[in-house]
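Work through the exercises below with the sequence and the 3D view open. Try each task before you read its solution.

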Amino acid sequence: MSRVAVMLLFLLAGVASLVLGLKHEVARLEEERRAVLAAVKQLEGEIRVLRARYAYLARPQRLAALAAELGMEPATASRMVALEDIGTRAELAWALRVVALPLPSGASVPVRARPVVPVIGEVGR
Amino acid sequence: MRPGAAEGDELRRLRARLRLLSVVFLLAFASVGMRLVDLERRYGGEERAAGSGLEEQRGPTGAWRRDLRDRNGRLVATSVPGLALAVDPSRLPDRRQAARALARVLSGVEEAELRKRFRAGKRFAWVKRRLSPAEQRAVQELGLPGLLFLPAARRVYPQRSLLAHLLGGVDVDGRGLAGVEFALDRTLTDPRSEEALRLAVDVRVQQLLREELLAAYRRFRAKGACGLVLDVRSGELLALASLPDFDPNRFAEATPEQRRNRCTGSVYELGSLFKVITAAAALGSGRVDLADRFDATQPLRIGRNRIDDDHAKRRWLSVPEILAFSSNIGIVQMSFAAGAEVQRRYLERLGLRDPLRVELAAREQPLWPREWKDIVLATVAFGHGIAVTPLHFARAVAALVGDGRLRRATLVKGGGGVLRDLELPPQLIRDLRFLLWLTVERGTGQRARVPGYLVGGKTGTADKPLPGGRGYRSGEVVSSFVGLFPIEDPRYLVLVLLDEPQGTEATFGFRYGGWTAAPAVGRVIARAGPLLGVPPSTPRARRALLARLQVYPVVNGRTGRREEGFAALRPGG
């Protein structure tokens, strides 16, 4: 009887230490999880700071100054042309072709056709 | 059995039981010991770090707010993590010495103020709400007990003063105090949504508007300035700037004058800008026609009051000429022809009596005339005796010259909506576009012309009223210009207003809207148009407007001889 009791006690002790070990493992993992979450939170914070910094560096006022330094200038309305106003390849080929125009004197002068495009400068001023 | 043997057995059993009991006790103590080690490992560290655990009572400081982005996704406001410093004064060994040490390492913190906060018996006192990393290190090196480093969200505005009045600012607790931050405080602090809120503003357009506005504000040494760019088709505000402005990152340091939003938080008598509305009412009433002419040879007398023109022609003027040359005499007669009831109805239908509904803290109510006597009707016709915010007016003109629908002005992308359909005849809208184009092409707004775009607009120069409606200040004016482009089918409205500008040598001392505000609007249109992808106006659109000019010639002279008018039509004339 007492031998069985002793064995049971040892078994109990073994199980208890196992449970304790498991508990410690869970606690360790929980701590690790918490540390990872904290690191994620910190990184998210750092990303937010970096995004704010990027927005600060890419503010239009600064970009305009940098663009000017690089010799770039903003587009004007007169540089904009609608797609349908650009001639086709055939029209371009025709415009590039040099035709000899006979003069009354018998001589001839080379001429080229000018494609019809809207003169944008006409508008406004 | 011998008695000695029985005793020996009993003794052995007792010893075995004692050993068992010792093992049980040993195990029990071992488990208690291990539990203690466990507890120490799990909570001991945190207890040390947390001090008295007061942060759990106070919670984090500075509310976490949603990011704000412009219409193209550029970040304009964000919250970044930071630290705040508090202390449990009861744990300080020497409060006076601690106050001195902390004040030494922290900027903007007074020793006397800290001593006051560290009164005996208190368990919590703020030291500084925004701690820089360097300050955090310096404080830690002091090695004082009872210090609490608390997480604190900090609102950051990377574009600095660019969007000052539009964004507003927040207090140390992260509560919105002005601008969008105040008006949309609940939406921005809603914990259920973390997504950034898209505003209608375009930072590129905002930048160029503010740049041109600032240049005009400085050049004409104005007391203040307002500028805005409104999408005529949606009511969205692409840019809104008021000067002087401030850095929203330092909202607390801004003066009341800097915080004043002149576009929505101040009402102005806008002067001749109102002639657009009077002309719309007169033409819309059917009692005035574009071909009608009015006598502007003499100043008008209404009771004891005399109404004269700034750019007097001293002859009969056609309706297009009245607008183009901004004739007070002519517009008053047009207004009288339409009648007070029509004029009032138009003003009301255009929302010029309603409170402004826009996502900003600063929203001023219009000042409406108490009674509509003849002199009131006359002055309202050219924008005196009635005061509205520039945004009220911009919204109204956008409705008149756009598609005839009054829209809610909004700072949130997709936040606009039709308030009411004015049910204007299409011909009236076309006539108004023609009149505004004419004003820029031949009239007082010529300095707003832009190569590539057909621009329509109206100049305004108004005397500033004395407080309490006791007349007007001499020598102080509000100059403005409202421009729309492309006028053949308006997409955007640009308004610039200068409060008390001073004339310069280049303007020959003139402070008229046509000299001060119109060039700024022209430059904004020239720069913003290509950026917003507005195609240049076609020669056909220009020809259509010029053809109407043949029907309603505008003569820029005093004699009124018709030849002069046709001379003006010739190319280069």
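Helices (H or I, at least four residues) and strands (E, at least two) are DSSP runs, numbered from the N terminus. The model is predicted: local features need pLDDT of at least 70, side-chain atom pairs count only at pLDDT 80 or more, and totals for chains, interfaces and linings use all residues. Residues are numbered from 1 along each chain as its sequence is written, while chains are lettered from A and ligands numbered from 1 in the order in which they are written.

**Exercise 1. Place B:Asp245 and decide whether it is buried or exposed.**

Step 1. Find the loop between E9 and helix H10 (256-259) of chain B; B:Asp245 sits there.

Step 2. Recall the cut-offs. A residue is buried if 20 or more other C-beta atoms, placed from the backbone, lie within 10 Å of its own; it is exposed at 12 or fewer, and partly exposed in between.

Step 3. Count. B:Asp245 is buried because it has 24 C-beta neighbours inside 10 Å.

Step 4. List its contacts (C-beta atoms, placed from the backbone, within 7 Å). Leaving aside neighbours within four places in sequence, B:Asp245 contacts B:Ser161, B:Ala164, B:His165 and B:Gln258.

**Exercise 2. Compare how well H11(B) is covered with how well E1(A) is covered.**

Step 1. Take helix H11 (residues 275-285) of chain B. It is largely enclosed by the rest of the structure, because 10 of its 11 residues are buried. Among them are B:Lys275, B:Val276 and B:Leu283.

Step 2. Look just past the helix. B:Gly286 has a positive phi of about 85 degrees.

Step 3. Turn to strand E1 (residues 98-102) of chain A. It is hardly covered: of its 5 residues, the buried count is 0.

**Exercise 3. Describe how E1(A) and E2(A) are joined.**

Step 1. Two strands pair if DSSP finds at least two bridges between them. E1(A) pairs with strand E2 (residues 108-112) of chain A over 5 bridges, in the antiparallel sense.

Step 2. Pick one facing pair: A:Val98 is opposite A:Arg112 in E2(A).

Step 3. Name the motif. The two strands form a hairpin with 5 residues between them. In its turn, A:Gly106 has a positive phi of about 105 degrees.

**Exercise 4. Which strands make up the open sheet of 5 strands in chain B?**

Step 1. Write the order: E9-E8-E18-E17-E16, with antiparallel pairing.

Step 2. Find the edges. Strand E9 (237-243) and strand E16 (456-465) of chain B each pair on one side only.

Step 3. Zoom in on one pair. Strand E8 (residues 224-231) and strand E18 (residues 492-499) of chain B share 8 bridges. There, B:Leu228 stands opposite B:Leu495.

**Exercise 5. Where does the largest nonpolar core lie?**

Step 1. Define it. A nonpolar core is a set of buried Ala, Val, Leu, Ile, Met, Phe, Trp, Tyr and Cys residues joined through C-beta atoms within 7 Å.

Step 2. Count. The largest core has 142 residues, and B:Leu228 and B:Leu493 have the most contacts inside it.

Step 3. Find the main contributor. Helix H16 (residues 390-401) of chain B gives the largest share, 9 residues.

Step 4. Locate the core. It lies between domain 1 (68-198) and domain 2 (206-569) of chain B, because both give residues to it. These bounds come from an automatic or database domain assignment.

Step 5. Check B:Leu493. Beyond four places in sequence, its contacts include B:Leu230, B:Ala394 and B:Val482.

Note on methods: Two residues are in contact if their C-beta atoms, placed from the backbone, lie within 7 Å.
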